[in-house]
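Q: Hey, I've got a structure open and want to talk it through. Can you help me look at how the chains meet?
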Amino acid sequence: MANAQSVSVQFKADSMGGILNGAAQKAALYLASASKGATDTVYNTTGEVSGTNYTAGGVAVTNANSVAVTGSTAYWTPSANIVYTNVTLATAFDAVQIYRTSDSHLVGTWVFGAQTITAGTLTLTMPTNDSSNALLRC
Amino acid sequence: MALIYTTKGDIEDALLEKKVITEDYPDATVTATEYFLGDELVKRDVNVALKGRDLNMAQASF
């Protein structure tokens, strides 16, 4: 078997784990008219949704999973779905940002097509936490 | 008979028309469930099944 140039999976796990493992996190929603993306570094209220029973900053993310390793892939997923209960968000929104509450540093932005909620529930269902499907994989 | 919470309070589900809309996006599959009382939308729930993301770490050569 030949040698292979590569980034060690341990480096990937340590990098991701240092940020994600055990960190208190929240998930905030953003309007379809906002401009959120990869250059964002911290949570802010610019473009955030507002409406009945939605509190600025979003909702807590259940984070009981530590970064795991399978083969050469390090991966992580929140350990429960993210739910916004009994909200009315009448202005179209299409993005969620997950961030660490200790310093507001962002984890990532996910975009899902413009939606509204009327006297209802928004559920962000997490994928299976494995090396093929996890929310973040490296 | 089940009660559904709506913009008009609790309404029996038999009085509501229910529509389910499913859409697929690169980052998620979205299922929206809408409830109408006549022509009026009185409730809209959304389930967003997020898809994972590969971070694709790059490594240059010497």
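A: Sure, let's go through the contact between the chains and then some aromatic rings; keep in mind that this is a predicted model.

Q: Ok, how many residues does each chain put into the contact?
A: Chain B brings 29 residues and chain A brings 31 residues.

Q: And what area gets buried between chain B and chain A?
A: About 2,400 Å², with carbon and sulfur atoms giving 54% of that.

Q: Which elements of chain B touch chain A?
A: Those giving two or more residues are strand 1 (3-6), strand 4 (28-37), strand 5 (40-50) and strand 6 (53-54) of chain B.

Q: Which one gives the most?
A: Strand 5 of chain B, with 10 residues.

Q: What kinds of residues are on that side of chain B?
A: By class, the side touching chain A has 14 nonpolar, seven polar and eight charged residues.

Q: How many salt bridges are there between chain B and chain A?
A: The count is zero. For polar contacts, though, the rule finds 14 residue pairs across the interface, both partners at pLDDT 80 or more.

Q: How does strand 7 of chain A join strand 6 of chain B?
A: Two bridges link them, and the strands run parallel. A:Leu136 sits opposite B:Arg53 there.

Q: New topic: how many aromatic pairs are there?
A: Three over all chains. One of them is A:Tyr54 with A:Tyr84, a stacked pair at 6.1 Å centre to centre and 25° between the planes.

Q: Which parts does that pair tie together?
A: A:Tyr54 is in the loop between strand 1 (25-31) and strand 2 (59-61) of chain A, while A:Tyr84 is in strand 5 (residues 82-100) of chain A, so the pair connects parts 30 residues apart in sequence.

Definitions and conventions: Residues numbered from 1 in each chain as written. Chains lettered and ligands numbered in written order. Predicted model: local features only at pLDDT ≥ 70, side-chain atom pairs only at ≥ 80, totals over all residues. Heavy atoms only, no water. Contact = heavy atoms within 4.5 Å. Buried area = accessible area lost by both parts, 1.4 Å probe. Salt bridge = Lys/Arg side-chain N within 4 Å of Asp/Glu carboxyl O. Polar contact = N/O pair within 3.5 Å; in protein donor to acceptor, adjacent residues only side chain to side chain. Helix = DSSP H or I, 4+ residues; strand = E, 2+ residues; numbered from the N terminus. Nonpolar A, V, L, I, M, F, W, Y, C, P; charged D, E, K, R; others polar. Pairing = 2+ DSSP bridges. Phe/Tyr/Trp six-rings, centres within 6.5 Å; stacked < 30°, edge-to-face > 60°.
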